[in-house]
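Colleague: Could you take me through one part of this model, the surroundings of the ligand? Please start there, then set that part in the rest of the chain.

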Amino acid sequence: MKRAFAVSGSGIFLFTLCVGTVFAQPSGKAIVDNACSACHSIKRVNEANKNAAEWESTLDRMIKKGAKVKPEERAAVLQYLKTLNK
Ligand code: HEC
């Protein structure tokens, strides 16, 4: 009985940990899908073929225009954008 309680207790702990991590760090894709489709189609982002440096300057240009990417989300967004390169 005691043992079963301990096992389910650690399950809840792990579950909380996972959910906490997901909410603390929204994935780059989720941010891009949301923030980068406000002014133009997300296709424009998905079809762009840029290297890391080009994405960095494009992202900063979009942020200046008003894209809602917070400074702490910038790294995750760049990480995701780089995976779009063909
Ligand atoms: C406030 C409006 C706005 C938002 C939000 C926005 N964009 Fe743009 N985007 C534009 C405009 C206007 C253009 C066309 C003029 C230009 O290229 O500067 C453009 C063009 C582009 C282009 C094609 C031009 C190029 O340099 O290849 C890409 C790629 C792009 N945006 C990516 C993004 C990404 C990634 C995001 C999210 C971080 C984003 N945009 C969010 C306004 C926006």
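Modeller: Here is the ligand shell, followed by the fold and the core. Keep in mind that this is a predicted model.

Start with the shell. It holds 18 residues around the ligand. Among these, C36, C39, M62, G66 and A67 come nearest. Which elements give two or more residues to the shell? They are α2 (28-35), α3 (42-46) and α4 (52-65). The biggest contributor is α4, with 5 residues. Now sort the shell by class. Nonpolar residues number 12. Polar and charged residues number 3 each.

Next, the chain as a whole. The protein chain has 5 helices and 0 strands. Read from the N terminus, the order is α-α-α-α-α. The chain has 86 residues, and 13% of them are buried. Look also at contacts with a separation of 6 or more. Of these, 69% join residues 24 or more positions apart.

Then the core. The largest nonpolar core has 10 residues. They are I31, V32, A35, C36, V45, W55, L59, V69, V77 and L81. Two or more core residues come from each of α2, α4 and α5 (74-82). The largest share is from α2, with 3 residues. C36 links the two topics: this residue is in the core, and C36 is also among the residues nearest the ligand.

Finish with W55, another core member. What does W55 touch beyond its neighbours within four places in sequence? W55 is in contact with K50, L78, L81 and K82. Of these partners, L81 is itself listed in the core.

How values were computed:
Residues are numbered from 1 along each chain as its sequence is written. This is a predicted model: local features need pLDDT of at least 70, side-chain atom pairs count only at pLDDT 80 or more; totals for chains, interfaces and linings use all residues. A residue is near a molecule or strand if its C-beta atom, placed from the backbone, lies within 6 Å of it. Helices (H or I, at least four residues) and strands (E, at least two) are DSSP runs, numbered from the N terminus. Ala, Val, Leu, Ile, Met, Phe, Trp, Tyr, Cys and Pro count as nonpolar, Asp, Glu, Lys and Arg as charged, and the others, Gly among them, as polar. A residue is buried if 20 or more other C-beta atoms lie within 10 Å of its own, exposed if 12 or fewer, and partly exposed in between; C-beta atoms are placed from the backbone. Two residues are in contact if their C-beta atoms, placed from the backbone, lie within 7 Å. A nonpolar core is a set of buried Ala, Val, Leu, Ile, Met, Phe, Trp, Tyr and Cys residues joined through C-beta atoms within 7 Å.
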